[in-house]
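Visitor: I would like to learn how to read a structure feature by feature. Could you walk me through this one?

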Amino acid sequence: MAHEVRGVVAMGKGKPVSLETIIVPDPGPGEALVKVQACGVCHTDLHYREGGINDDFPFLLGHEAAGVVEAVGPDVSDVAPGDFVILNWRAVCGSCRSCLRGRPQYCFATHNATQKMTLADGTPLSPALGIGAFTEKTLVAAGQCTKVDPAASPAAAGLLGCGVMAGLGAAVNTGAVSRGDSVAVIGCGGVGNAAIAGARLAGATTIIAVDVDDRKLDWARGIGATHTVNAGQADPVERIRELTGGFGADVVIDAVGRPETFKQAFYARDLAGTAVLVGVPTPEMTLELPLLDVFGRGGALKSSWYGDCLPSRDFPMLVSLYLQGRFDLDAFVTETIGLGDVEDAFAKMHHGAVLRSVVVL
């Protein structure tokens, strides 16, 4: 049996999204049908709409979501109908060279649902990051469902599916921030503020937020930054050094993803410090650094993909901290909206007016 639902679709490059009728099949082997309760509006969805990922239009957008499993196909044992789940785009395969080495957080062969969701006329849809959750129901690989405590707010919990996990994981997993560390975060949108929250959870004592927007710096203070730097008014490298005894931070996280901000991260870290790139660059960007500086400053230059997370490990733990009042996921939800408001949410996101708009169904 197929399910007829509403969903937000990008029909062509740069075109405004539209609300369309979506046909969702019943789950087959290894698949799950999920009734979506909430889905955050992420920059990646805008990249899809703009053709920045690929040109496999039409796209069913949305991927940062939580909901309830409605049905599962054969050979599914990890989740069952009625389970409250966060959707993830790293469905660990268990058999690739990374998984076999005990490093499933780097799985090289993550998988998606086999069957296609379609428009009413039968046109196959490309679901964003293999999920497609700006819709009332979606079909995913069962491994993309991570069961968590149903007491969590869907609007908050769903944000762990992408942006919040990417930022927090860049600090905790990739950057390995530990108690007593100094941390600087360049770019204080949703991902950057999640990195600040992660640094706070890990016990960093100095957390420096850097941005050119005072409104975002205010958000950063509320989430855990101990100091702020407006990079439009002061050299961020010099200010980070001043705030860390003249040495630089132990870990500097670039949540912008531009050559100039990564250079700032590189030079704002202490000797043997770590620079982490979590902001997503565009294909034409290149980076040039003096090789002697790379050698002489030591430490590590890392990129963080999905916060190097393992959903089965990280999502339940973070939801538990949220329910205990130790991790304020609600702070990332600026507004809740309907399916028909996604295009307006893209505009607000582009202008930096929100941390996250969240579609609630």
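Visitor: By class, how many nonpolar, polar and charged residues does the lining of the second largest pocket have?

Guide: Happy to help, and please keep in mind that this is a predicted model. In general, rolling a probe the size of a water molecule over the atoms shows where empty space is left. In this case, the lining of the second largest pocket divides into 8 nonpolar, 7 polar and 4 charged residues.

Visitor: What volume does the second largest pocket have, and which lining residues are the closest to its centre?

Guide: The volume of the second largest pocket is about 360 Å³. Its lining is made of 19 residues, and D78, V92, A142, G143 and C145 are the closest to the centre.

Visitor: Which element gives the most to that lining?

Guide: That is β10, with 3 residues. Both β10 (145-147) and α10 (311-323) supply at least two lining residues each.

Visitor: Let us turn to the sheets. In what order do the 5 strands of the open sheet come?

Guide: The general idea is that strands of a sheet pair through backbone hydrogen bonds, either parallel or antiparallel. Here the order is β7-β2-β1-β4-β8, with mixed pairing. At the edges lie β7 (118-119) and β8 (126-127), each of which pairs on one side only.

Visitor: How many bridges join β2 to β7?

Guide: There are 2, and the two strands run antiparallel, β2 covering residues 18-25. One pair to look up is I23 and its bridge partner T118 in β7.

Visitor: And what does β3 pair with, and over how many bridges?

Guide: Strand β3 (residues 31-40) pairs with β9 over 5 bridges, in the antiparallel sense. There, L33 has L139 of β9 as its bridge partner.

Visitor: Is β9 mostly covered or mostly uncovered?

Guide: Strand β9 (residues 137-141) is mostly covered, as 5 of its 5 residues are buried.

Visitor: Which residues have the most contacts inside the largest nonpolar core?

Guide: In this core of 85 residues, they are L87, F134, L160, I196, I253, F327 and F332. Helix α4 (residues 163-174) provides the largest share of the core, 6 residues. A second, separate core has 13 residues, among them V210, I240, V252 and A265.

Visitor: What does I253 touch, if residues up to four places away in sequence are not counted?

Guide: Counted that way, I253 touches A170, A171, V183, A184, V185, I186, A195, V276 and V278. Try selecting those residues in your viewer and looking at I253 among them.

Terms used: Residues numbered from 1 in each chain as written. Predicted model: local features only at pLDDT ≥ 70, side-chain atom pairs only at ≥ 80, totals over all residues. Heavy atoms only, no water. 1 Å grid on protein atoms, 1.4 Å probe; cavity = no way out; pocket = protein on both sides within 12 Å on 5 of 7 lines; lining within 4 Å. Points joined across faces, edges and corners; volume = space filled by probe spheres on them. Helix = DSSP H or I, 4+ residues; strand = E, 2+ residues; numbered from the N terminus. Nonpolar A, V, L, I, M, F, W, Y, C, P; charged D, E, K, R; others polar. Pairing = 2+ DSSP bridges. Buried < 20%, exposed > 50% of the residue type's maximum accessible area, 1.4 Å probe, protein only. Core = buried A, V, L, I, M, F, W, Y, C linked by side-chain atoms within 4.5 Å. Contact = heavy atoms within 4.5 Å.
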